[in-house]
Amino acid sequence: MQRIGHVSRRGFLFGAGAAAAIGASAYGQGHAMRRIAPNRASEAFDPDVELELICKRDETSILTGRPTRVWRYAGHLIKGPANALTETPGAYLGPLLRFSKGQKVRIRLRNELPEETITHWHGLHVPMLMDGHPTAAIDPGETYVYEFDIRNRAGMYFYHPHTHEKTATQVYRGLAGAIIVEDEEERALALPSGAFEIPLVIQDRSFDDDNQLAYGDDMHTRMFGFYGDRALVNGRCNVTLDVANRPYRLRILNGSNARIYKLCWDDRTPLTVIGVDGGLLEKAETRPYVMLAPAERVDLLVDFTGRPQGSKLTMLSGEFYGLLPPMAQRMMGSNLPMGEAFPLFTARVTETSSDSWKPPEKLSTIRRFREADIANLDNPIPIAITMAHMAMLLNGRPYGHDDIQPHERIPVDSTQLIEIFHERGGMGQGGMGQGMGMGMMGGGGMMRGRMGGMGMMGMMSMAHPIHLHGQQFQIIERSFEGDEDAYATIREGFIDGGLKDTVLVAPGERLRIAKRFGDFKGRFMYHCHNLEHEDAGMMREFSVE
Ligand code: C2O
Ligand code: CU
Ligand code: CU
């Protein structure tokens with residue numbers, strides 16, 4: 001396996017003394033956030049699963065030599081089946097949580113960090129009070145009790161902090177974990193399970209000469225996000241999985257702050273995709289590669305049948321371009337420029353097995369939204385992405401609690417059409433007029449121009465993984481106008497047929513999605529999942545009422 005240099009050229013150290021240097025004033029916008037009281041356990045709630053997650057400082061060995069100081073979730077099960085919580089031994093990654101649809105879950109989140117925090121269950125459909133809203137942040141020493149029903153279908157979900165202007169740094173220090181939800185529809189398929197189902201969380205990190213996490217507190221990081229020198233899998237470097245020559249299910253989550261991966265096998269074996277963010281596809285799809293942006297998940301079947309003992313298959317991030325401005329690509333302070341090929345992990349056949357298994361023709365049923373289901377067919381809700389100098393905006397506005405705009409008010413139990421696109425407004429102009437009129441969006445030759453083109457906005461255009469809290473959405477349409485050659489390196493890697501909660505919007509792309517806002521009233525965030533962008537204000541809220 002190729003060795004990746006480990007000397008960070010930027011080397012901002014997360015030491016005890018240095019931590020204060022990335023406070024809100026240096027990093028984000030420094031807005032104070034109103035607080036609600038920490039939620040307490042309710043006697044009326046009788047949990048099937050109860051667990052405690054402690055956010056704490058710890059040390060773990062990642063590189064040879066000195067251990068690395070990290071922040072992590074340490075968990076223990078209070079009540080429920082033993083497989084509800086599985087620690088990731090010897091790694092900073094939080095325990096794998098495994099729930100079943102219909103279960104009642106209570107999670108006691110205890111903050112033993114030196115600063116405020118709050119946790120969000122990315123992809124789970126829960127009430128606002130259980131969603132990890134930044135106003136629910138708790139101080140050191142406090143506990144927030146979450147109680148919710150698992151309403152989601154089977155799938156892989158993601159828990160991570162959602163602390164106001166501190167999400168990127170808290171996730172970077174190690175606070176992240178995966179959730180797997182099971183249901184009857186999926187169990188009936190008898191997909192590879194137990195040792196043959198492997199969750200893989202991919203993250204990139206940089207280390208200083210003392211093996212400590214390094215984070216670039218510089219302009220490039222604030223503008224384009226953090227890009228590390230090494231790809232870690234489940235909190236470890238150079239991961240090799242020993243496998244038997246039989247089918248496996250690999251469940252991959254991109255837990256990186258900003259890096260986008262192009263998953264492909266080194267011998268060009270096509271990928272068999274069976275699911276995405278919100279669970280199984282209707283039918284397996286075969287792709288040469290899959291693009292995986294921060295917070296996206298992909299469920300792969302890999303059949304090692306027929307591969308000889310000792311043979312290896314390596315998952316790479318393959319070569320691509322066009323998702324970052326060339327200028328940013330050159331300035332990137334990482335030894336692992338985004339878009340260059342590098343290995344992620346290797347599977348090595350070490351056991352023989354006679355188990356064979358083929359995925360059934362039909363994996364699941366997804367009820368497609370029809371036109372009649374959609375409340376605003378002629379008037380889609382805009383999500384205009386603006387990235388101009390230091391302004392990271394959605395619909396021309398930065399994040400502000402209690403700043404709900406008319407198009408952000410949504411009737412509960414309605415299904416809405418949403419259009420996501422890049423705005424080409426004036427630099428940091430931020431007016432609501434820009435791109436807000438739907439007529440302008442429809443006709444707009446000006447706004448639909450080549451994103452890779454000339455001018456400041458073209459130079460600034462990059463891909464943004466847009467995430468909406470609450471129920472998963474369906475992608476109705478993805479259109480593109482721009483640099484076809486660059487687009488050709490990514491276009492086959494979007495799995496748009498499944499249920500999604502995070503979608504990559506490449507430069508020049510325009511997407512239409514349909515999303516249900518069911519069951520719960522309240523404030524639900526939507527934002528860019530490039531965590532540096534999120535913290536810089538590329539986040540807004542819908543008020544479901
Ligand atoms: Cu995974 Cu609002 O985030
Ligand atoms: Cu989320
Ligand atoms: Cu972004």
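Here are some questions and answers about two copper sites and a sheet in a predicted model.

This predicted model needs pLDDT of at least 70 for local features and 80 or more for side-chain atom pairs, while totals for chains, interfaces and linings use all residues. Residues are numbered from 1 along each chain as its sequence is written, chains are lettered from A and ligands numbered from 1 in written order, and side-chain values use heavy atoms, leaving out hydrogens and water.

Q: What makes His464, Cys528 and His533 donors of the copper ion (ligand 3)?
A: Donors are N, O and S atoms within 2.8 Å of the metal (3.2 Å for Na, K and Ca); water isn't among the atoms, so sites may look incomplete. Here ND1 of His464, SG of Cys528 and ND1 of His533 lie 2.0 to 2.2 Å from the copper, so they count.

Q: Why does the pair His464 and His533 tie together separate parts?
A: His464 is in strand β26 (residues 464-468) and His533 in helix α9 (residues 531-536), so the parts joined are 69 residues apart in sequence. Helices (H or I, at least four residues) and strands (E, at least two) are DSSP runs, numbered from the N terminus.

Q: Which residues are the protein donors of the copper ion (ligand 2)?
A: They're His120 and His467, each through NE2, lying 1.9 Å from the ion. His120 sits in strand β6 and His467 in strand β26, 347 residues apart.

Q: Why are β24 and β28 said to stand at the edges?
A: Two strands pair if DSSP finds at least two bridges between them. In the open sheet β24-β31-β30-β26-β28, β24 and β28 each have a single partner strand, so one side of each lacks a neighbour. β28 pairs with β26 in the antiparallel sense over four bridges.
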